[in-house]
Amino acid sequence: MSARIERVVTSGQFSLDGGTWDVDNNVWLVGDDEEVLVIDAPHDADTIAEAIGGRRVVAIVLTHGHNDHVNAAVELRERTGAPIWFPFGDHMLWTAEHPLEEPDFDLVAGTRFEVAGTVLTAIATPGHSPGSTCLYAEQLGAVFTGDTLFNGGPGATGRSFSSFETIIDSIRDRLLVLPEDTVVHTGHGDDTRIGDEKPHLQEWVDRGH
């Protein structure tokens with residue numbers, strides 16, 4: 001029996017370049033009744049820990065370094081004993097949020113996690129940030145895209161350390177090549193499917209950032 005996917009929504013603030021915005025974030029739990037993998041750890045360790053319950057946490061995997069995806073990660077690590085996997089390309093963003101702490105392991109393209117009989121593989125998708133990374137679970141027909149791909153288009157690229165051209169390349173070359181019925185579980189907002197986003201690629205390019 002393969003793992004199941006659960007969504008937890010937490011609320012807080014995203015801060016970068018001197019601005020602050022109220023945001024709701026998706027936290028994704030992949031696992032079964034015994035063990036679980038956590039994708040992103042924003043805002044509220046209590047809410048995430050409650051959803052985990054008594055299950056063993058295999059890993060806390062962070063899709064990128066913006067504070068609204070990592071600001072509860074250290075507390076969640078302390079509470080669960082699970083290691084934090086983090087893309088090194090975003091280390092400057094991590095340090096801004098957690099100057100006295102370090103992640104446990106570097107998240108790189110091809111990193112594989114196994115939980116509840118299901119394998120998730122890291123896909124490097126820079127653009128929203130230099131280290132932005134997605135997790136693909138082929139057995140579940142799902143990809144967890146952080147802030148790289150949303151329902152309706154790519155993640156924002158108008159702030160520091162981001163690149164519109166790079167995110168478009170990442171989406172075209174590394175995400176839209178996945179099976180069209182793959183469900184896209186995003187860092188904010190509603191799910192979509194690869195096949196639903198593919199026809200809009202040229203529209204995104206024409207609109208720019």
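A cavity is a set of grid points where a 1.4 Å probe fits but cannot get out, and its lining residues have an atom within 4 Å of a point. The close-up views below are taken from a predicted model.

**View A. The largest cavity and the residues that line it.** In this predicted model, the structure holds one cavity of 30 Å³ or more, and about 40 Å³ of space lies in the largest cavity. Its lining is formed by F14, H66 and H128 together with A156, T157, G158, R159, S160 and S162. By residue class, the lining of this largest cavity divides into six polar residues, two nonpolar residues and one charged residue.

**View B. The largest pocket and its lining.** About 160 Å³ of space lies in the largest pocket, whose lining comprises F14, V23, H66, D68, H128, D147, F150, A156, R159 and H188. These lining residues divide into four nonpolar, three polar and three charged. Among the residues that line the largest pocket are F14, H66, H128, A156 and R159, and these residues also appear in the lining of the largest cavity.

**View C. The packing of helix α1 against helix α3.** Helix α1, which spans residues 45–52, packs with helix α3, which spans residues 73–80, at an angle of about 40°, and the axes of the two helices are 9 Å apart. Because angles of 35 to 65 degrees fall outside the ranges that count as roughly parallel or roughly perpendicular, α1 and α3 are therefore oblique to each other. The crossing in which α1 passes α3 is right-handed. On the α1 side the contact involves A45, D46, I48, A49 and I52, which meet E75, L76, R79 and T80 of α3. The residues of this contact between α1 and α3 divide into five nonpolar, three charged and one polar.

**View D. Two loop residues with positive phi, H43 and F161.** H43, a residue other than glycine, has a positive phi near 70°, and H43 is placed in the loop between strand β3 (35–39) and helix α1. F161, likewise not a glycine, has a positive phi of about 70°, and the place of F161 is in the loop between β12 (153–154) and α5 (164–175).

Conventions:
Residues are numbered from 1 along each chain as its sequence is written. This is a predicted model: local features need pLDDT of at least 70, side-chain atom pairs count only at pLDDT 80 or more; totals for chains, interfaces and linings use all residues. Side-chain values use heavy atoms; hydrogens and water are left out. Axes are lines fitted to C-alpha atoms, for helices over the stretch in contact, and angles run from 0 to 180 degrees between N-to-C directions. Helices (H or I, at least four residues) and strands (E, at least two) are DSSP runs, numbered from the N terminus. Angles under 35 degrees count as roughly parallel, over 145 as roughly antiparallel, 65 to 115 as roughly perpendicular and the rest as oblique. A crossing is left-handed if the near helix is turned anticlockwise from the far one by less than a right angle, and right-handed if clockwise. Contact means heavy atoms within 4.5 Å. Ala, Val, Leu, Ile, Met, Phe, Trp, Tyr, Cys and Pro count as nonpolar, Asp, Glu, Lys and Arg as charged, and the others, Gly among them, as polar. On a 1 Å grid over the protein atoms alone, a cavity is a set of points where a 1.4 Å probe fits but cannot get out, and a pocket is an open set with protein on both sides within 12 Å along at least five of seven lines; lining residues have an atom within 4 Å of a point. Grid points are joined across faces, edges and corners, and a volume is the space filled by probe spheres set on the points.
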